[in-house]
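User: I would like to go through the reasoning behind some of the labels given to this model, one label at a time.

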Amino acid sequence: MPEDCTWDFETRQIHAGAVIDAETRSRVTPIYQTAGYVFDDFDDGEARFAGRSAYRAYSRNENPTNAVAGRRIADLEGGVDGIVVASGQAAIAAALTALAAAGDHILVTRSLYEGTREMFRGVLARQGIEFEYVDDDASDEDWAAHVRPSTRAVYTETLPNPLNQVVDIERLARIAHAAGVPLVVDNTVPTPYLWRPIEDGADIVIHSTSKWLAGHGAVLGGAVVDAGRFDWAAHADRFPQLTEPPRPGVPSFVERFGAGAYLAYVRTVIVLEYGPTVPPSSTFLLLHGIETLSMRMDRHVANAQAVAELLATRPEVAHVFYPGLEDDPGHALAQKYLPKGPGSIVSFELAGGRDAARRFIDALQLVTPMTHIGDVRSLAIHLASTIHAKLTPEERAAAGITPGLVRLSIGLESPRDLIADLEHALDAAGA
Ligand SMILES: *Cc1c(COP(=O)(O)O)cnc(C)c1O
């Protein structure tokens with residue numbers, strides 16, 4: 001890529017981060033399927049371990065195929081650096097354990113993917129990190145009142161899975177920065193083609209690349225991207241892992257890596273030590289997915305809008321959660337943040353509750369009943385009996401997971417075929 005690159009998104013999704021191998025001149029990024037990298041000699045081995053060499057040492061945290069994907073996703077999001085890891089869950093765990101440890105506190109918006117909530121009340125709570133939920137639309141004063149000296153981040157999703165409550169990222173960035181902490185945003189559902197939260201003030205962006213970025217449902221993966229803007233040194237009391245020498249006589253991450261300090265810490269401490277490595281063969285498939293992201297997202301959004309409009313007309317459907325609909329509470333924010341369309345999750349409430357949902361799911365012939373989102377194939381799941389089944393009825397109600405709630409992830413099939421299948425399944429649901 002040229003130094004001052006002005007290439008459009010559609011060009012960068014194909015080319016950003018790629019390097020042509022000096023030996024083979026392979027046009028497609030190869031799968032560097034190797035555990036390690038040969039040392040030239042004794043001194044070179046020492047230099048690699050000291051981080052004084054341009055070459056790598058070991059694939060746990062440094063693999064050339066994975067590096068291309070990390071750079072590409074960072075480029076598309078407008079960040080300074082990125083790393084890919086084994087899954088979206090691994091990305092969230094890596095991003096947050098780089099910021100917080102036992103005794104620390106993280107503020108979280110209430111609208112959130114259930115797998116993330118499960119990790120927050122599960123393993124991360126057991127490690128001693130406290131997660132406190134605040135209503136997305138609580139006032140600035142309310143948010144500020146929850147900040148403690150031990151607060152290390154504000155965490156949210158741009159377009160929360162599964163109910164699509166569009167989050168006002170500019171406002172949350174302001175709240176986080178006033179508190180002296182970074183805003184960490186899971187941008188899985190819109191992808192950087194529909195929304196780039198770094199432009200609205202986010203500091204760290206997370207992806208489950210298993211979803212629309214890969215797009216084919218063939219691999220799992222995750223990514224952490226650093227905007228490179230948060231001033232760690234100005235909040236050194238909260239982030240000593242970045243601002244103090246890791247060992248006597250060794251410069252701090254901020255001194256060594258400047259704007260890339262956070263991502264360098266994720267790469268050389270968190271990913272090196274925990275080892276949530278993604279296989280480069282998976283990343284090869286991820287890269288092939290990203291090359292067509294923009295075209296796929298346009299089609300995903302058009303299909304989702306058509307499906308949402310159909311659902312809104314059907315008597316079996318009590319409510320549709322899709323901010324592309326004019327009467328959706330998130331419609332105004334979606335027009336501001338998502339002018340190309342609000343993603344392709346369409347959740348809806350069947351008036352007939354759980355029994356209607358069973359009839360609906362069992363009548364589907366094209367749409368696949370499956371847990372996953374962001375696939376070329378359209379997928380459907382009844383949430384209360386699956387992803388949210390471990391919650392008590394009260395917890396489900398508080399999360400807005402009603403007995404008749406079905407989540408669709410709308411794929412790339414013909415809209416005519418999708419609508420025919422959904423109409424037929426809705427007829428069955430209402431019977
Ligand atoms: C699926 C998902 C994750 C978890 O990603 P995996 O790749 O399945 O581990 C995280 N955040 C959101 C919003 C998701 O939809």
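The exchange below takes up several residues and one sheet of this predicted model.

User: Why is K211 called buried?

Analyst: K211 has a relative accessible area of 12%, and because buried means under 20%, K211 falls in that class. K211 lies in the loop between β6 and β7 (222-226), where, not counting residues up to four places away in sequence, K211 touches T188, H372, I373 and G374. UniProt lists K211 for "modified residue: N6-(pyridoxal phosphate)lysine", in an unreviewed entry, and such an annotation may be inferred rather than shown by experiment.

User: How do you know that D203 has no salt bridge, and what is the nearest side chain of opposite charge?

Analyst: The nearest side chain of opposite charge to D203 is R229, 5.1 Å away, and a salt bridge requires a side-chain nitrogen of Lys or Arg within 4 Å of a carboxyl oxygen, so D203, although buried, has none. D203 is found in the loop between α9 (191-194) and β6 (204-208).

User: What makes the approach of D203 to L183 a polar contact?

Analyst: The side chain of D203 reaches the backbone nitrogen of L183 at 2.8 Å, and the cut-off for such a pair is 3.5 Å, so the distance satisfies it. L183 is also one of the residues in contact with D203 once neighbours within four places in sequence are left aside, the others being H177, P182, V225, D226, A227 and F230.

User: What makes β11 and β12 a pair, and how do they run?

Analyst: Strand β11 (residues 379-382) and strand β12 (residues 405-409) are joined by 4 bridges and run antiparallel; because pairing needs at least two bridges, these strands qualify. Within this pairing, H382 has V406 in β12 as its bridge partner.

User: Why are β8 and β10 placed at the edges of the sheet?

Analyst: The open sheet is formed by 5 strands in the order β8-β9-β12-β11-β10, with mixed pairing. β8 (317-321) and β10 (368-369) each have a single partner strand, so one side of each is left without a neighbour in the sheet.

User: Which backbone angle of N164 and T191 is singled out, and why are both residues called buried?

Analyst: Phi is near 60° for N164, a positive value in a residue other than glycine, and near 65° for T191, likewise positive. N164 lies in the loop between β4 and α8, while T191 is placed in helix α9. Because the limit for buried is under 20%, N164 qualifies with a relative accessible area of 1%, and T191 qualifies with 0%.

Note on methods: Residues numbered from 1 in each chain as written. Predicted model: local features only at pLDDT ≥ 70, side-chain atom pairs only at ≥ 80, totals over all residues. Heavy atoms only, no water. Helix = DSSP H or I, 4+ residues; strand = E, 2+ residues; numbered from the N terminus. Buried < 20%, exposed > 50% of the residue type's maximum accessible area, 1.4 Å probe, protein only. Lys, Arg positive; Asp, Glu negative; His and termini not counted. Polar contact = N/O pair within 3.5 Å; in protein donor to acceptor, adjacent residues only side chain to side chain. Contact = heavy atoms within 4.5 Å.
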